[in-house]
Amino acid sequence: MKKICIIGASGKLGQYMVQHALDRGYEVVAVCRAASVGKLERFKDRIAILPGATDDRRVVEQAVAGCDGVLTVLVPWGMQKYSTGTAQAVLDFAPPGARLVFSCGWHITRDGRDVYPLSIRAAVLIGGWLMRVLRIGEINDQVEAFRRIFSSSTRWTVVRGSNLEEGASQGLPVWSQHVGDAILASNITRRIDFAMFMVEALSNDELIQQAPAIVGCQTPSALTAASAT
Ligand SMILES: NC(=O)c1ccc[n+]([C@@H]2O[C@H](COP(=O)([O-])OP(=O)(O)OC[C@H]3O[C@@H](n4cnc5c(N)ncnc54)[C@H](OP(=O)(O)O)[C@@H]3O)[C@@H](O)[C@H]2O)c1
């Protein structure tokens, strides 16, 4: 892994991923909306920045050229199928064999075997409805983006984040196949560690074509699972 692209680099998760990638010595190409380039000011001498919408196929094609890995922040903003456009452009233009790592929340399911607490079902139902009515975004766009990724034959990983909080790193999150597994019960991860998991996934072949649901390694449910083993 030498050169990587980070799509959606200017958001909170994106900026942490840029830092982790630089710490590992990777050459970084960052894509973010033109209006957000200033958020990457502190990295500007160490990364290449391509301004543009993350679903702009020409921008994505240029950004991922020659990259060994691509980290993509997928969010369902707007009503123009933004997530689907971003995911499809990455799947279409990333070099063959590149590691592709995508972010989302626990609400995305690969095989329908996740067991969600009422709080998450309500949040998705009410939040999704509100987003659609206010025309802020469409959860179904994100669902379609991940359907395409799951059915792709590329070397993808979908990292499904729990609720997030800020704070110092606690270490690499632990993960499980399905929401509802006891190890995930605490449902909280430091955002900096979510980003660490994304960057680590680039070089972890065990995660190829997996959709790990993650939780902080110092949370009560993770510690209970660790002591049981
Ligand atoms: N937040 C949570 O509690 C949570 C929980 C679980 C999983 N996740 C996952 O974590 C990832 C990012 O989370 P985050 O909390 O770091 O989010 P964030 O900082 O809000 O960043 C999200 C991305 O959305 C972009 N964005 C914001 N408004 C936009 C708009 N109107 N149109 C187009 N793009 C827009 C941002 O770009 P700009 O910098 O240009 O604004 C940024 O690249 C997502 O994949 C999300 O599903 C989040």
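# A tour from the ligand outward

Select the shell around the ligand: its residues divide into nine nonpolar, 10 polar and three charged. Here Ala, Val, Leu, Ile, Met, Phe, Trp, Tyr, Cys and Pro count as nonpolar, Asp, Glu, Lys and Arg as charged, and the others, Gly among them, as polar.

Before going on, note that this is a predicted model, in which local features need pLDDT of at least 70, side-chain atom pairs count only at pLDDT 80 or more, and totals for chains, interfaces and linings use all residues. Residues are numbered from 1 along each chain as its sequence is written.

**Stop 1: the ligand.** The shell holds 22 residues, each with its C-beta atom, placed from the backbone, within 6 Å of the ligand. Show the closest: Gly 8, Gly 11, Leu 13, Ser 36 and Gly 161. Now color helix H1 (12-23) and strand E5, which each supply at least two residues of the shell. Helices (H or I, at least four residues) and strands (E, at least two) are DSSP runs, numbered from the N terminus.

**Stop 2: two strands.** Keep E5 (residues 99-105) and add E6 (residues 155-161). They run parallel, joined by seven bridges; strands pair if DSSP finds at least two bridges between them. Zoom in on Val 101, which stands opposite Thr 157 in E6. How many of the seven residues of E6 are buried? Six are, so the strand is mostly covered. A residue is buried if 20 or more other C-beta atoms lie within 10 Å of its own, exposed if 12 or fewer, and partly exposed in between, with C-beta atoms placed from the backbone.

**Stop 3: two loops.** Select Arg 135, between helix H4 (118-133) and helix H5 (139-150). Arg 135 is not a glycine, yet has a positive phi of about 55 degrees. Is Arg 135 buried or exposed? It is exposed, with 9 other C-beta atoms within 10 Å.

Next pick Asn 187, in the loop between strand E8 (174-176) and strand E9 (189-190). Its phi is also positive, about 50 degrees, although Asn 187 is not a glycine. Asn 187 is partly exposed, with 17 other C-beta atoms within 10 Å.

**Stop 4: the whole chain.** Zoom out. The chain has seven helices and 10 strands. Its C-alpha trace spans about 45 × 40 × 35 Å along the principal axes. Buried residues make up 42% of the 229 residues.

Finally, select residues 8-204. An unreviewed UniProt entry annotates them as "domain: NAD(P)-binding"; such annotations may be inferred rather than shown by experiment. This stretch is 36% helix and 18% strand.
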